[in-house]
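Subject: Structure for you to look at

Hello,

Here is the structure I promised to pass on. Please open it first, then read my notes below.

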Amino acid sequence: MTKLAKISFSRIAPPKGGMSVILAGEGLKLGNGASELVSGLAGGLQRFADIAGFSGKMKSSLDLLAPAGLGSDRLMVIGLGKSEELSKDDWRSLGGVVLSALQKAKTEAATIVLDAPEGTELSNELVAEFAMGAKLRAYTFDAYKSKKSDDEKPKDLKLTLQVADPKGARKSWTTSEGIADGVILARDLVNEPANVLGPVEFAKKAEELAMLGVEVEILGEKEMKKLKMAALLGVAQGSVRPPRLAVMRWNGGKKGAAPVALVGKGVVFDTGGISIKPAGGMEDMKGDMGGAAAVVGAMHAIAARKAKANVIGVIGLVENMPDGNAQRPGDIVAAMSGTTIEILNTDAEGRLVLADALWYTQEKYKPAIMIDLATLTGAVLVALGNLNAGLFSNNDDLAENLLSSAKTSGEPLWRLPLSKDYDKIIDTPNADVKNTGGRWAGSITAAQFLQRFANDVPWAHLDIAGTAFGAPKDDICQSWASGYGVRLLNQLVADHYEG
Ligand code: BES
Ligand code: MN
Ligand code: ZN
């Protein structure tokens, strides 16, 4: 069970008891609604602010208990900083900041006067972004905490946002809430331990998207054998749990229009296989399906807001285990494309899964563009840390679109190079390609490998090994799994491939 924020909207009106929240820019600048609310405050807001040293600095807070002259029992003031400069990212963060302040105050319901000082834009879209920040901040993964103390028991927090245009804000929120739900779905999938979430169980989660009108098709071992997906099957053969390929189709666009294809790495657990990983930190590899989780979350978001686009999601679901039947270093397999692959390291398994998933997707669906997401390399963490996902593409227009949607969605990307010379590094005398290029430029040679299976489709690869999980906690994410990619993919479809 996850802790959630329930959000509703109403007109700005004087409070009747309970917790009220207002926002104040630097110098204690208030919007009209907030001004009116504090107008009766005995002694005036400035006096309290002076005593507490509160000046409206971004994300700071001032907490007044039993404020005489106000209708509310408690008033919290949250700083906006230089309110004229607030961005969409800031409003999302502020939603998280307010939620966190309310949690610390042990509140279960609050009324937030969401207006802004003069000169500050606050559209319905930004109101919805604030609400999304609150909802994402409220998320925790505590399903397996059986002995909860009273403090830990999940309580839904009820937020009433008082806004200028409740009807319009509610409409914007319907869209944004679907996106937030997609992020939360992706977080849940990544946080879930691998004993609970194997390939079969993950595929069932994808099937649940049918409720939103997504067509879902699950391919089993037999179907994949028939398609000659020996690269994906080779990874799966060391596990007692059989692989799955889940295909999700959202047909919201023009009939017959080439779809946007999203492809995800879904390694439910990556031990490394026979090239086994060291024990330290191996538990993180329950999150090696972060790419697949982002694709499922994005499909949820896209379907929930009934996007006017055709979008296909394809996820390769396997477990990478060492076993008597596991593949060995030195093995050579023929991928669905016919390309032969020499496996030099069984821990470079994600690219093998994606090789067949990418080839299948482009051959079967002839997509306009194809984007894969994968927790593919430790090397991308060395290059970019937790703050940017690595972007690789064979197409500058697609790369530009992704970079611009990364900016608007607040899920950052940094482009890294591909070239013929990097591609040569994965040549081998024994087969068409080898699955590792050695120590240097590890993220790039992994991307070069994938490119060989994208055929000539405009394609991009997002290496999310640093961003899908384990990033430092922030205003909108307190969970190990971030759900990275859902907002970005949804934004990309909305900005560039809809209508
Ligand atoms: N799943 C890992 C990459 C990874 C590492 C994701 C850390 C998240 C955090 C991937 O399958 C892997 O093992 N990659 C190897 C490739 C190497 C063997 C060429 C790596 O990065 O070391
Ligand atoms: Mn691996
Ligand atoms: Zn992996």
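F469 is buried, because its relative accessibility is 8% and the cut-off for buried is under 20%. This is a predicted model, so please read every value here as computed from it.

F469 has an aromatic partner. The whole structure holds four aromatic pairs. In one of them, the rings of F469 and W480 have their centres 4.6 Å apart and their planes at 20°, so the pair is stacked. F469 and W480 are eleven residues apart, and each lies in the loop between β18 (459-463) and α15 (486-496). W480 is partly exposed, at a relative accessible area of 25%.

A second pair sits elsewhere. The four aromatic pairs found in the search also include W91 and F130: their ring centres are 6.5 Å apart and their planes stand at 65°, so this pair is edge-to-face. W91 belongs to helix α3 (residues 88-104) and F130 to helix α4 (residues 124-138), so the pair ties together parts that are 39 residues apart in sequence. W91 is buried, with 0% relative accessibility. F130 is buried too, with 1%.

One more ring is worth a look. R439 places its charged end over the ring of W440, 4.9 Å from the ring centre.

Now the metals. Which residues give donors to the manganese ion (ligand 2)? The protein donors are D270 (OD), D347 (O), D347 (OD) and E349 (OE), at 2.0 to 2.2 Å from the ion. In sequence, the donor residues follow the spacing D-x76-D-x1-E. The manganese ion (ligand 2) has six donor atoms, the angles among them run from 71 to 166°, and the site is irregular. The zinc ion (ligand 3) lies 3.2 Å from the manganese ion (ligand 2). D270 coordinates both ions. Of the other donor residues, D347 is partly exposed, with a relative accessible area of 21%, while E349 is buried at 1%.

Next, ligand 1. It is surrounded by 17 residues. The closest are K277, D288, D347, E349 and G378. D347 and E349 are thus also donor residues of the manganese ion (ligand 2). Which side chains make polar contacts with ligand 1? K277 has a polar side-chain atom 2.8 Å from an oxygen atom of ligand 1. D288 has a side-chain N or O atom 2.8 Å from a nitrogen atom of ligand 1. For K265, a side-chain N or O atom is 3.2 Å from an oxygen atom of ligand 1.

Some backbone points follow. Most residues other than glycine have a negative phi. L28 is not a glycine, yet its phi is positive, at about 60°. L28 lies in the loop between β2 (19-25) and β3 (29-30). L28 is buried, with 12% relative accessibility. K228 is not a glycine either, and its phi is positive at about 65°. K228 lies in the loop between α7 (221-226) and α8 (230-236). Is K228 buried or exposed? K228 is exposed, with a relative accessible area of 61%.

Last, K366. This residue sits in the loop between α10 (350-365) and β14 (369-374). K366 is exposed, with 56% relative accessibility. K366 and V260 are 106 residues apart in sequence, but their C-alpha atoms are 9.3 Å apart in space.

Best wishes

Conventions. Residues numbered from 1 in each chain as written. Chains lettered and ligands numbered in written order. Predicted model: local features only at pLDDT ≥ 70, side-chain atom pairs only at ≥ 80, totals over all residues. Heavy atoms only, no water. Donors = N, O, S within 2.8 Å, 3.2 Å for Na, K, Ca; no water. Tetrahedral: all angles 85-135°; square planar, octahedral: opposite > 155°, others 65-115°. Buried < 20%, exposed > 50% of the residue type's maximum accessible area, 1.4 Å probe, protein only. Phe/Tyr/Trp six-rings, centres within 6.5 Å; stacked < 30°, edge-to-face > 60°. Helix = DSSP H or I, 4+ residues; strand = E, 2+ residues; numbered from the N terminus. Lys NZ or Arg CZ within 6 Å of the ring centre and 35° of its normal. Near = heavy atom within 4 Å. Polar contact = N/O pair within 3.5 Å; in protein donor to acceptor, adjacent residues only side chain to side chain.
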